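Student: Could you take me through the charged pairs in this one, and follow them wherever they lead? I'd like one connected walk rather than a list.

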Amino acid sequence: MALRFPVYYKALGITAALFVGWSVTPVVIKSLTRTTFLEFQAPAYTALSYLRDLQEYWGLRTRSRDSLISAGIDLARLNAAYELRNQRLDTFEAEVEGLERLLGLPPLPDYRYENARVVRRDLNTWWQTLTIRKGRIHGIERGQAVIFRGGVVGRIEDVQTYTSTVQLISNPAFRIAAHFEGDTRPVQFQGVLHAPLSTPRGEVSNAPSDIRVSLTEPRRLVTSRLGGVFPDGITVGHVFRLEPSPDGLFQSGAVRLSPDLLSVREVAVLVPLAPESPRSTAGEPRR
Amino acid sequence: MPRYLIITVVIFVNALLLFVLNEANHLLAPLGVSLHGQALAVLFAGLYLRVLHGAILSLLIGLLSSAAGPGDTGSLTLLFLLLWSGAVFMRRRIRREVKFQVRMTALLLQTCAFLYLMLVFSGPWLTLPAFWLRVLADSALSFIFVTAASVAWVEFQIRLLESSGWDIRSERPEDP
């Protein structure tokens, strides 16, 4: 009589065989499989994001002309303020270039801003990533910085042809070099898991012991160019409390990130410009 | 309609389920909670389909879901295959016509999914209170969803097969 195995033995056997087969599969094939399945589903998510944009457009179409005119006036005031700020920045940049020439220093890295809409947010307990609607054909590469109006969003983790995956700053695997505003000494920032219905947060460590913060006088944490990814001075978050480390040499504490981080809809990828490329002209976003 | 085409439709339908869940998580992201429904994607395949068809479905759904996940694609694909194996194991232990038993099977599988994710991806976070709050919130939301949708989802797929001329209810595939 032929030996027959229960059906769940077959199922477990197939699972074990596939697991062993996958374990010995070359990395190239694994990477190719992953890319294939990502590219296969990317158009669906992209199409859905376009539908959301269309929905938002038609929602705005229902606004009254008065509210749109009022919003336009507010934007014009904001643009005027930014234009004046740009003019001051032109002066500062010219001074920096002059000092670089005088002291024989290498030029600071420059970037162009590649704006991208967020296609998908995957923010669960174990990983926190965004998918954006720009990819390799737009000049985006792995490791590039991603920012939004509230500050740092994260870093490009993976790039496909038309989409990219961003590792969010609140991801516990995310780390960057930073410093407190007005202080050049480097500190380390790392993302931290946050509870539901709470503001995303991170942790700052290796803060100098003479830094003082309080609930009424928090200090802004900004990016440091020492990491080589982010330009200097972009907002990471705010620190309201620091506690001394066990050795007493440094301090550490929680960093409150922008509450808009979890609902961000448009980001900018900082694509580094080659050193010989012309700097951005007036009117275009600057570093 | 040939059976391999019908299986393809079932795979597509379950891929669509994951797509809808991902979209729901996109909308829930500002609240700091997420919805998980891995058990639903393989429940029908485990309870009704032949082993070969179920394995193909679970493998493809796993590869689709894990392509956008962190690290090696194999970890999340293995999750779907293990959940499917669990559903096959339950096939002879429950009566598929009894809705309560199907719901409990779905809940059990989803619990196993959470345990697997905690084991593979949690690392040093197990000591963090925020981690457990997050897991509790996600699991509560997911369990409510799985309980509410499991029977309807299985029934939908059965009707889909019946409309294609495949009377899956009367079949008892691969009984020992």
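Tutor: Start with Asp138(B) and Arg134(B), both of which are buried. Keep in mind that this is a predicted model. The two side chains form a salt bridge, with 3.7 Å between the closest N and O atoms. Both sit in helix α6 of chain B, which covers residues 129–163, and they are four residues apart, or about one turn of the helix. So here's the general idea: side chains of opposite charge can pair when their charged atoms come close. Over all chains, the search of the whole structure turns up 21 salt bridges.

Now go over to chain A for a pair with a longer reach along the sequence. Arg34(A) and Asp158(A) meet in a salt bridge at 3.8 Å, N to O. Arg34(A) is in helix α2 of chain A and Asp158(A) in strand β4 (residues 151–159) of chain A, so this pair ties together parts that are 124 residues apart in sequence. How exposed or buried is Arg34(A)? Its relative accessible area is 17%, and because the cut-off for buried is under 20%, Arg34(A) counts as buried.

Helix α2 of chain A has another arginine to look at: Arg52(A) is in that helix while Glu23(B) is in helix α1 (residues 3–28) of chain B, so that pair joins two chains. The closest N and O atoms of Arg52(A) and Glu23(B) are 2.9 Å apart, in a salt bridge. Both partners are buried, Arg52(A) as well as Glu23(B). How many salt bridges does the rule find across the interface of chain A and chain B? Just one.

Polar contacts add to that picture, with 12 residue pairs counted between chain A and chain B, both residues at pLDDT 80 or more. On the chain A side, the elements giving two or more residues to the surface that touches chain B are α1 (7–24), α2 (27–61) and β1 (111–123). Of these, α2(A) gives the most, with 11 residues. Sorted by class, that side of chain A has 27 nonpolar, eight polar and eight charged residues.

What about the interface as a whole? There, 43 residues of chain A are in contact with 53 residues of chain B. Between them the two chains bury about 4400 Å², with 69% of it on carbon and sulfur atoms. Arg34(A) turns up again here: together with Val7(A) and Trp126(A) it supplies 18% of the area that chain A buries against chain B, more than any other three residues.

Back within chain A, there's a whole network of salt bridges to trace by eye, linking Asp53(A), Glu56(A), Arg117(A), Arg133(A), Arg265(A) and Glu266(A).

One last stop, this time without a formal charge pair to follow. Gln251(A) lies in strand β12 of chain A, residues 250–256, and counts as buried at 8% relative accessibility. The side chain of Gln251(A) reaches the backbone oxygen of Ile211(A) at 3.0 Å. Gln251(A) also sits 4.8 Å from Ala207(A), C-alpha to C-alpha, although the two are 44 residues apart in sequence.

Definitions and conventions
Residues numbered from 1 in each chain as written. Chains lettered and ligands numbered in written order. Predicted model: local features only at pLDDT ≥ 70, side-chain atom pairs only at ≥ 80, totals over all residues. Heavy atoms only, no water. Contact = heavy atoms within 4.5 Å. Buried area = accessible area lost by both parts, 1.4 Å probe. Salt bridge = Lys/Arg side-chain N within 4 Å of Asp/Glu carboxyl O. Polar contact = N/O pair within 3.5 Å; in protein donor to acceptor, adjacent residues only side chain to side chain. Nonpolar A, V, L, I, M, F, W, Y, C, P; charged D, E, K, R; others polar. Buried < 20%, exposed > 50% of the residue type's maximum accessible area, 1.4 Å probe, protein only.
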